[in-house]
Structures are given as C-alpha cells and as structure tokens.
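Colleague: Could you take me through one part of this model slowly, as if I were new to all this? I'd like a close look at how the strands pair up.

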Amino acid sequence: MGVFVFLPLVLPLTAWPVARLAEQHLHPRSATRLLAGVAAVLAVCSTLCLALIMVVGTAQLPGNPLPDGWSDPEVRAAVPYDEVAGKAAIPALLAVAVAGGRTLWRHLRVRRRATRALAGLPGSPVAVLPDSAPYAYALPSRRPGRGRIVVSTAMLARLDSRERRALFAHERAHLTGRHHRYLLAVQLAARANPFLLPLRTATEFCAERWADEEAARAVGDRRATARAVGKAALVTGGAPLAGLASFAAPGPVPRRVAALLGPGPPARSLPPALTPAGLATLVAAAGTLASALSSVNATVALFLVLHAATPL
Amino acid sequence: MDRGAGRRAGEGRHERDPRGRRRGQGELEAQVLSVLRLSSGPATAAWVQERLDGDLAYTTVMTILSRLLAKGAVTRERLGRAFVWQAASDEAGLAALRMRRVLDGETDREAVLASFVTALSPDDERLLRGLLHEASDMPAGPEVTGTEQAPEG
C-alpha cells in the first residue's frame with residue numbers, strides 16, 4: 001500500500017481547477033452532475049483510506065480489539081505505517097463520522113419539520129403561506145412528484161406575474177431535477193474531506209444556475225428571470241443569516257443575475273479537450289481515477305497482508 | 001350541517017395520511033382549527049370535541065387548543081368558569097406560523113432547503129441593484145427596497 005494510501009487524502013486538490021472553470025464553461029446541468037460525482041468519488045476514497053490508515057494505527061495500540069496477528073512484527077514490516085499518521089487517523093475518522101452523521105441528521109430534521117408544518121393544508125404542489133417574511137424554497141419529498149414549493153405571500157407581493165412564474169419554475173426545476181440529492185452529496189463530501197469545500201460551493205452555485213436556466217426556458221424570458229432572482233434577493237437580503245461572513249468577491253446571487261442577463265449557456269455537456277475548462281476536466285478526471293486506484297490498491301494490499309496474518 | 005362538513009374534512013385528512021402518529025400532531029391542530037372556524041362565535045372546548053372525529057379525549061382537545069394559543073392561531077376568553085375559544089387564523093395561517101418556527105430555529109437551513117436566493121453582502125447588494133437597473137423595463141428602485149423598513153423621520 002505504501003504512500004498510495006495517503007494520496008486520496010490530497011487528490012481532491014486536483015478538482016479545484018475544474019470547480020472554478022466548470023461554472024463558466026459548462027452547462028450548469030452538466031457542471032452540477034460532474035462536480036457532484038467527482039466530489040462523491042473523492043470523498044468515498046478519502047474516507048476509505050482514512051479507515052485503512054486507522055486499522056493500521058489501531059493495531060499498534062495496546063488492548064485493541066483487532067486480532068493479535070495484525071500487530072505482528074511481520075505485518076508491521078509489510079505495512080509501512082507511520083506512528084503518527086496511524087494514530088491521528090483515529091480521531092480524524094471519528095470526526096468525519098460525527099460531522100457526516102450530523103449533516104445527514106440535520107438535513108432530514110429540517111425536511112421533516114418543514115413537512116410537518118404544512119400538515120393540514122391541501123396537498124397542492126404549491127403552498128402559499130400568509131407571512132410577512134419573504135421566503136421561497138423547494139421542499140423535497142421522498143416520493144418523486146410529491147415535493148412542494150413553499151412561498152410566502154410577502155415574497156409573491158414583491159414580484160410581478162412573470163417574475164412569479166420564473167420563481168415557481170425555478171423551484172419546480174429543483175424538485176424535478178432532485179437537486180437536493182446533489183446538494184446533500186457534496187455537503188457530506190465536504191465533511192469527509194475539507195479539501196472538497198470548493199467543490200461543494202461550486203456545485204451549490206451550479207445547481208442554482210441549473211434551476212435558473214430551466215426557469216428562463218420555461219418562462220421564455222431571461223430578463224424577467226433575472227429580475228425575479230435579483231428582487232427576491234434584495235427583499236430577503238436585508239437580514240443575512242448569522243455566522244455568514246460577507247466576502248469581497250461577488251456572491252452567488254449577483255453572478256446568477258449577471259449570467260441570466262447574458263446569453264444562454266453552451267449546450268454541449270463536455271468542453272473540448274484543448275481549452276482550459278477541458279484540461280481542468282481532464283485533470284479532475286485523472287485525479288479522481290488516481291484516487292480510486294490508490295484506494296483500491298491500498299485496500300487490496302492491506303486485505304491480503306491482514307488475511308495472511310489472521311489465524312483462521 | 002356544519003358538523004357533517006367538519007367530519008368529512010377530518011376523515012379526508014386521515015385517509016391522506018396513513019402513516020399516522022408522528023405527523024398526527026400537526027394534523028390534529030389543523031383539524032381543531034378548522035372545526036373552530038366553523039363556529040359562528042366563540043366556542044367551548046366541549047363544543048369542539050363534539051364536532052371532531054369522536055375518538056379524541058377532552059384533555060387532548062384542551063392540549064391542542066393550548067398549543068394553538070401558544071402559536072397565536074386561536075384566542076380565548078373566560079366565560080364563567082370555562083374558556084371560550086375563537087380561531088385567529090385559518091389553516092394556511094397556522095402553517096405559516098409553524099413554518100416560521102422551523103425557519104427561525106434552523107441556522108443553516110440554507111444548506112438543506114434549496115432556497116430561491118441566499119444572503120447578500122453589502123457589496124453584492126450594490127452590484128445587484130446595478131444589474132437590476134439594467135434588467136428592468138420598469139424602475140427597480142423603490143419597489144424592491146422592501147416595505148418592512150421603518151419609515152424614516
């Protein structure tokens with residue numbers, strides 16, 4: 001296994017260029033799928049290797065529950081472990097498990113509580129709630145086609161009829177595209193390996209752009225869609241969520257509006273190989289492949305060594 | 001006649017929600033509220049209980065009414081030795097009150113619910129106003145500044 005076991009922990013770095021470039025050069029639909037897929041594979045490999053390092057590390061600890069044979073001098077010689085890395089992997093893997101579990105639990109809790117809040121209303125696809133706070137969001141459901149759009153009257157009051165149609169089309173695109181799955185996948189991935197955070201941000205942006213483009217297509221008016229996004233952001237933007245720092249770079253909403261005011265995205269799903277975006281995609285693909293191969297290599301190597309060392 | 005309408009509404013909800021218990025609380029609140037809305041004036045808890053789907057205990061009805069009171073969906077006043085209750089909002093209003101509690105209680109709900117828009121920084125806001133100005137066929141200024149801001153002066 002050797003040094004290969006550490007590779008998947010840092011190979012997510014190869015996906016950084018594509019996270020940046022996919023936003024600009026790919027259709028948002030392809031970009032979302034590509035980035036979420038790459039992030040998921042890299043996260044799984046990274047966690048797998050953390051677990052392998054942990055097994056090696058745990059076998060050194062006195063009183064560990066693993067078979068005694070696993071800490072034989074012969075095994076130690078075959079598995080090049082590092083005292084520090086092996087032990088550091090234990091809290092690291094625990095942290096990954098806790099953070100991932102919390103993310104998943106919170107996701108399901110918000111969905112459950114929001115669904116319960118709507119109990120007693122007729123089961124129409126759109127729930128309009130009389131509320132002075134402007135909000136609009138897509139509430140996914142386990143059963144496809146049963147997701148609902150939740151929008152407050154305060155939000156609708158600020159938009160004209162075209163803009164409202166754009167808003168509904170945007171949320172419907174989230175629901176029919178099952179975007180929450182991509183979002184959850186990249187959130188879990190970013191918990192598994194912090195190097196995947198830029199992929200998470202990029203995927204979230206691309207999913208919004210994807211829904212924006214669907215909305216613009218459904219309404220047939222890019223400017224009205226841009227106005228809907230911009231107005232909605234201005235009426236909700238007064239109270240940013242606590243704990244969110246404001247960054248100097250333009251945030252996602254102005255970039256979304258600017259993109260809608262520009263021409264539509266390229267129709268092709270993958271960029272030609274000899275452009276920066278194409279090269280970045282190739283690098284990310286190579287990184288993902290290398291990560292997967294290293295993980296498999298390390299897993300097989302460790303399995304063979306430990307299998308040989310385990311008395312049956 | 002009022003009674004029949006209340007029953008039918010209640011039964012319909014039960015049929016739509018066969019999974020039962022855990023979502024029951026929200027359903028019951030909505031049911032009690034809809035029954036209360038059928039009353040022309042303030043009604044007692046016993047009146048509400050009578051018009052519900054039969055199998056609810058008086059104390060359960062009282063609990064649900066108190067919960068609705070805490071949410072501001074009903075009001076009550078003392079009449080003799082008992083309380084009389086009156087609906088203060090409709091089912092959609094109740095759902096809105098409940099939704100606000102969910103949204104206010106979750107600091108990172110943005111991460112979960114695909115919200116239409118996310119928070120803006122001051123720089124973003126300036127940039128966005130410029131873009132909107134460009135995008136609008138109509139003046140974007142006063143219309144989007146938000147009516148909730150306190151009037152100045």
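Modeller: Sure, and let's start with a term: two strands count as paired if DSSP finds at least two bridges between them. Keep in mind that this is a predicted model. With that in hand, look at A:L129, which stands opposite A:S152 in β3(A). A:L129 takes us to strand β1, residues 126–129 of chain A, which is joined to β3(A) by four bridges, and the two run parallel. On to strand β2, residues 136–139 of chain A: four bridges link β2 to β3(A) as well, but here the strands run antiparallel. One example is A:Y137, whose bridge partner in β3(A) is A:V150.

So what about β3(A) itself? Strand β3 covers residues 148–152 of chain A, and five of its five residues are buried. Its side chains take turns: A:R148, A:V150 and A:S152 point one way, while A:I149 and A:V151 point the other way. That puts A:V150, the partner of A:Y137, and A:S152, the one across from A:L129, on one side of the strand.

Now zoom out a bit. Chain A has three strands, alongside 12 helices. Of its 312 residues, 48% are buried. Among the contacts in chain A with a separation of 6 or more, 77% come from residues 24 or more positions apart. As for the helices, residues 34–56 of chain A are 100% helix, with end C-alpha atoms 33 Å apart, and the unreviewed UniProt entry lists that stretch as one of its transmembrane regions.

Note on methods:
Residues are numbered from 1 along each chain as its sequence is written. Chains are lettered from A and ligands numbered from 1 in the order in which they are written. This is a predicted model: local features need pLDDT of at least 70, side-chain atom pairs count only at pLDDT 80 or more; totals for chains, interfaces and linings use all residues. A residue is buried if 20 or more other C-beta atoms lie within 10 Å of its own, exposed if 12 or fewer, and partly exposed in between; C-beta atoms are placed from the backbone. Two residues are in contact if their C-beta atoms, placed from the backbone, lie within 7 Å. UniProt positions are given in the numbering used here, feature names are shortened, and annotations may be inferred rather than shown by experiment.
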